[in-house]
Amino acid sequence: MSYNNDLNRRHFLKMFAFATASSQLGSWAWTNSVLGDIQANGSPATGLFRMNLSDFPALQTDNGSVRLKVTGMSATFPEIIVTRSAGSVFHAVSSYCTHMGCTVNTFNASLGVLPCPCHGSQFKVDGSVVRGPATEPLARYATQFDGASLLAIEIPGLGYSIKSSVAQPAGGASRLSLSFPTVTGLNYEVRFKTTFGATDWSPVMFSPTLDGQVNVPSLVGDGAEATVYLERTGTSGFYAVIRY
Ligand code: FES
């Protein structure tokens with residue numbers, strides 16, 4: 001695990017985040033909450049990848065289609081294809097061809113399919129097979145559109161869970177301990193806001209050890225579980241661990 005000592009301003013829209021919250025510090029009733037682009041969604045193994053369509057001009061018209069790399073998906077195949085159909089219906093599928101694993105192209109409007117460049121398989125925008133040699137559909141991901149500009153895509157394996165407890169350093173005030181799995185190379189930061197409805201999340205410094213100085217703004221994952229220790233900032237509030 002490595003720790004960064006510089007806290008830069010970062011663009012939340014590009015972050016991958018998971019939030020965990022407590023309505024009352026001291027009585028740890030943790031629930032999943034919303035922050036940034038990715039959040040837990042019921043199962044800790046499923047995450048929401050949230051897109052603002054204003055960032056993707058191709059998705060502002062029917063038949064628009066984009067291929068995206070999603071940080072936190074399987075390192076061996078982290079890409080999805082998102083396509084907009086008539087009536088603001090959005091489809092999200094893996095671009096991993098079920099024939100032999102080539103990367104399927106975005107929607108070809110003249111052919112009306114997602115074509116695979118390797119051996120000619122074709123798929124509908126929902127991933128079903130139009131033409132082989134592939135016989136199995138592309139993996140599909142459920143989408144939710146808010147009717148305006150936000151699209152959320154449920155992706156299994158993207159979420160992660162956070163364990164929390166109160167830790168007591170020798171001779172000092174109690175601290176909040178947060179433990180969470182990390183992905184090698186991704187960055188992790190802690191955020192806090194006082195109420196669920198508050199829009200601004202404040203960066204929170206932490207210590208990587210129970211007794212250490214609380215002055216570290218972020219860490220880089222190494223694939224192992226990380227534990228960080230925070231000073232408790234008030235009587236109530238919400239914490240989030242974000243990754244990007
Ligand atoms: S890998 Fe896609 S058609 Fe063969």
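## Exercises on a predicted model

Arg67 and Glu79 make a salt bridge, with 3.3 Å between the closest N and O atoms. Keep in mind that this is a predicted model.

**Exercise 1. Work out which strands the salt bridge of Arg67 and Glu79 links, and whether each residue is buried, partly exposed or exposed.**

Solution.
- Step 1: check the distance. The cut-off for a salt bridge is 4 Å, and the pair has 3.3 Å between its closest N and O atoms.
- Step 2: place the two ends. Arg67 sits in strand E6 (residues 65–69) and Glu79 in strand E7 (residues 79–85), so the pair ties together parts that are twelve residues apart in sequence.
- Step 3: look at accessibility. Partly exposed is the range between under 20% and over 50%. Arg67 has 37% relative accessibility, so that residue is partly exposed. Glu79 is partly exposed too, at 23%.
- Step 4: count. The model has one salt bridge by this rule.

**Exercise 2. Classify the aromatic pair of Phe90 and Phe145, and say which parts of the chain the pair ties together.**

Solution.
- Step 1: know what you need. A pair of aromatic rings is described by the distance of the centres and the angle of the planes.
- Step 2: read off the values. The structure holds two aromatic pairs. In the one formed by Phe90 and Phe145, the centres are 4.8 Å apart and the planes make 50 degrees.
- Step 3: classify. Under 30 degrees would be stacked and over 60 edge-to-face, so the pair at 50 degrees is tilted.
- Step 4: place the rings. Phe90 belongs to strand E8 (residues 89–94) and Phe145 to strand E13 (residues 143–145), so this pair ties together parts 55 residues apart in sequence.
- Step 5: check the surroundings. Phe90 is buried at 6% relative accessible area, while Phe145 is partly exposed at 25%.

**Exercise 3. Describe where Leu151 lies and which residues it touches.**

Solution.
- Step 1: find the element. Leu151 is part of strand E14 (residues 150–156).
- Step 2: check burial. With a relative accessible area of 1%, Leu151 is buried.
- Step 3: list contacts, skipping residues up to four places away in sequence. Among them are Leu53, Val82, and both Phe90 and Phe145 from the aromatic pair.
- Step 4: compare sequence and space. Leu151 and Leu53 are 98 residues apart along the chain, yet their C-alpha atoms are separated by 7.1 Å.

**Exercise 4. Name the residues that touch the most other members of the largest nonpolar core, and the strands that supply this core.**

Solution.
- Step 1: pick out the residues. The core has 17 residues, and Leu178, Phe180, Val190, Val228 and Leu230 touch the most other members.
- Step 2: find the strands. Those giving two or more residues are E16 (175–181), E17 (187–193), E20 (225–231) and E21 (237–243).
- Step 3: zoom in on Leu230. Beyond its neighbours within four places in sequence, Leu230 contacts residues including Leu178, Val190, Phe206 and Tyr239.
- Step 4: look elsewhere. A second, separate core holds 16 residues, including Leu53, Leu68, Val70 and Ile80.

**Exercise 5. Is Ser207 buried or exposed, and what does its side chain lie 3.5 Å from?**

Solution.
- Step 1: locate Ser207. This residue is in the loop between strand E18 (202–204) and strand E19 (218–220).
- Step 2: check burial. Ser207 has 0% relative accessibility, so it counts as buried.
- Step 3: find the partner. A polar atom of the Ser207 side chain lies 3.5 Å from the backbone oxygen of Gly212.
- Step 4: add the contacts. Not counting residues up to four places away in sequence, Ser207 also touches Arg175, Val228 and Tyr229, among others.

Terms used. Residues are numbered from 1 along each chain as its sequence is written. This is a predicted model: local features need pLDDT of at least 70, side-chain atom pairs count only at pLDDT 80 or more; totals for chains, interfaces and linings use all residues. Side-chain values use heavy atoms; hydrogens and water are left out. Rings of Phe, Tyr and Trp (its six-membered ring) pair if their centres lie within 6.5 Å; planes under 30 degrees apart count as stacked, over 60 as edge-to-face and the rest as tilted. Helices (H or I, at least four residues) and strands (E, at least two) are DSSP runs, numbered from the N terminus. Buried means under 20% relative accessible area, exposed over 50%, partly exposed in between (1.4 Å probe, protein chains only). A nonpolar core is a set of buried Ala, Val, Leu, Ile, Met, Phe, Trp, Tyr and Cys residues joined through side-chain atoms within 4.5 Å. Contact means heavy atoms within 4.5 Å. A salt bridge is a side-chain nitrogen of Lys or Arg within 4 Å of a carboxyl oxygen of Asp or Glu. A polar contact is a pair of N or O atoms within 3.5 Å; within protein, one must be able to donate a hydrogen and the other to accept it, and residues adjacent in sequence count only if both atoms are side-chain atoms.
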